[in-house]
Structures are given as C-alpha cells and as structure tokens.
Amino acid sequence: MTRTFAGHRAAHAALALAIAGVVAACGGTDTAAIHSGADRSGGNTTSSAGLPGGHIAAGEKQSQVKGAATGQSCIDCHGADGNAPLDPSYPKLGGQYHDYLAHTLQLYRSGDRDHALMSNQARDLTDQQIADLAAYFASRPSQLRNLRGVHDR
Ligand code: HEC
C-alpha cells in the first residue's frame, strides 16, 4: 500500500516536471515580444488585458476612418464586416477573437509585428480605439475556418 502511494507520488513529480518544461519553453519564445524596447518606451502593454472596454458602435465608426498613411480605412482593405478583403492575401477579421484582434493591433503598433501596409494603420491608434475596433470586428459574423475535417478524408 505504501509502495503504491510512493509510486503515485513519483509519477506526479515526473508529470509536474514535464509540465514545467513545457511552460518554460513557451515562456522562452514569448519573452522577446513582451519586453521589446519599442513597446516599453511607448508605455504599452503587449497583453490585451490592460486595455479599456471596447464599444462596438465606436469601433464601427473607427473602422471607416481613413488612415493618414495610406488614405484607406480598415474597411477599405478588409472589406465589409472585415470579411471581404481587397486582396485574397489580406486576412478576414469578422468573428475573430476579441483578444486576438486587440493583441495583434498592439503588436503592429509597437512594431513587434511588422508589415508594410498594416503597421502604418496601427501606429497612431489609442488603447481605446484598439479596444473598440477589436470589439467591432469580433462582433461580426465569422467566415474564419480551421482545419477540422481536413484530415478525415
Ligand atoms: C492598406 C490596407 C490595409 C488597411 C487600411 C488595414 N489593413 Fe489590416 N491588414 C492588412 C494586411 C495586408 C494584413 C496582413 C499583414 C500581415 O501579414 O501581417 C492585415 C492584417 C490585419 C490584422 C491581423 C489579422 C490576423 O489574422 O492576424 C488585423 C487585426 C488587422 N489587419 C486589423 C486592421 C484594422 C483594425 C484596420 C484599421 C485601423 C486595418 N487593419 C487597416 C491590410 C490593411
């Protein structure tokens, strides 16, 4: 009885070590983005958790404002509801997770995620505008797809 119990404990310890290893590995790859200099000097957090609450109606208005850099709005490039992109290589935004949208816009703003077209769009957005835009596009119908079923054939 005692031996079985000890065996269990050993197994638990091994499992805990394995989990710790996985967590450490993930943390390692995240570190650069979270602590980038551009981000710190901008006073930004790269966690969407620090943002104010978003408003869908305000986000809808903001999505139609022409950006200074290209003279185009979010909708001009990503299409109505974020679901009709100007070019097939532009991502659909409708129904995407609010947190993902907000976090991604913060990364473009700080330069941690860089793209010739998109970074310019996000550079001057305030925390409130990011929260509103994320709320708006997340509220739109989703046309996003995952790989479910693709490997069943
Ligand atoms: C000039 C065209 C253009 C405009 C204007 C534009 N985008 Fe984009 N957007 C793109 C392109 C191209 C990408 C893909 C960039 C990449 O590969 O990183 C993108 C990517 C994104 C992503 C990442 C999506 C994902 O699945 O990872 C988000 C979020 C986004 N845009 C939101 C916005 C918002 C909000 C606005 C308005 C403030 C906006 N975009 C304005 C072209 C544009």
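**Entry 1: the ligand**

Before looking, I noted what "near" means here: a residue is near a molecule if its C-beta atom, placed from the backbone, lies within 6 Å of it. I also reminded myself that this is a predicted model.

I then looked up what surrounds the ligand, and found 18 residues around it, with Cys74, Cys77, Pro91, His115 and Gln121 coming nearest. Next I asked which elements give two or more residues to this shell. They are helix H4 (74-78), helix H5 (98-110) and helix H6 (118-122). H4 provides the largest share of the shell, four residues.

I sorted the shell by residue type too. Ten of its residues are nonpolar, seven are polar and one is charged.

**Entry 2: the whole chain**

I stepped back to view the chain from end to end. How many helices and strands does the chain have? I found seven helices and zero strands, so to speak a run of α-α-α-α-α-α-α when read along the sequence.

I checked burial next: of the 153 residues in the chain, 22% are buried. Then I turned to contacts between residues at least 6 apart in sequence, and saw that 68% of them join residues at least 24 apart.

**Entry 3: the nonpolar core**

I looked for the largest nonpolar core and found that it has 17 residues. Leu101, Ala102, Leu105, Ile130, Leu133, Ala134 and Phe137 have the most contacts inside it. The elements giving two or more residues to this core are H5 and helix H7 (127-139). H7 gives the most, with eight residues.

A general point for my margin: in soluble globular proteins, nonpolar side chains tend to be buried together.

I picked Ile130 to follow up. What does Ile130 touch, leaving aside its neighbours within four places in sequence? I listed Leu51, Ala102, Leu105, Gln106 and Leu125 as its contacts.

**Entry 4: His78**

I went back to helix H4, where His78 is found. Is His78 buried or exposed? The cut-off for buried is 20 or more other C-beta atoms within 10 Å. His78 counts as buried because it has 23 C-beta neighbours inside 10 Å.

I listed its contacts as well. Apart from its neighbours within four places in sequence, His78 is in contact with Pro85, Tyr90 and Leu93. Last, I looked up His78 and Lys92: they are 14 residues apart in sequence, and their C-alpha atoms are 6.5 Å apart in space.

Methods. Residues numbered from 1 in each chain as written. Predicted model: local features only at pLDDT ≥ 70, side-chain atom pairs only at ≥ 80, totals over all residues. Nonpolar A, V, L, I, M, F, W, Y, C, P; charged D, E, K, R; others polar. Buried ≥ 20, exposed ≤ 12 C-beta atoms within 10 Å, placed from the backbone. Contact = placed C-beta atoms within 7 Å. Core = buried A, V, L, I, M, F, W, Y, C linked by C-beta atoms within 7 Å.
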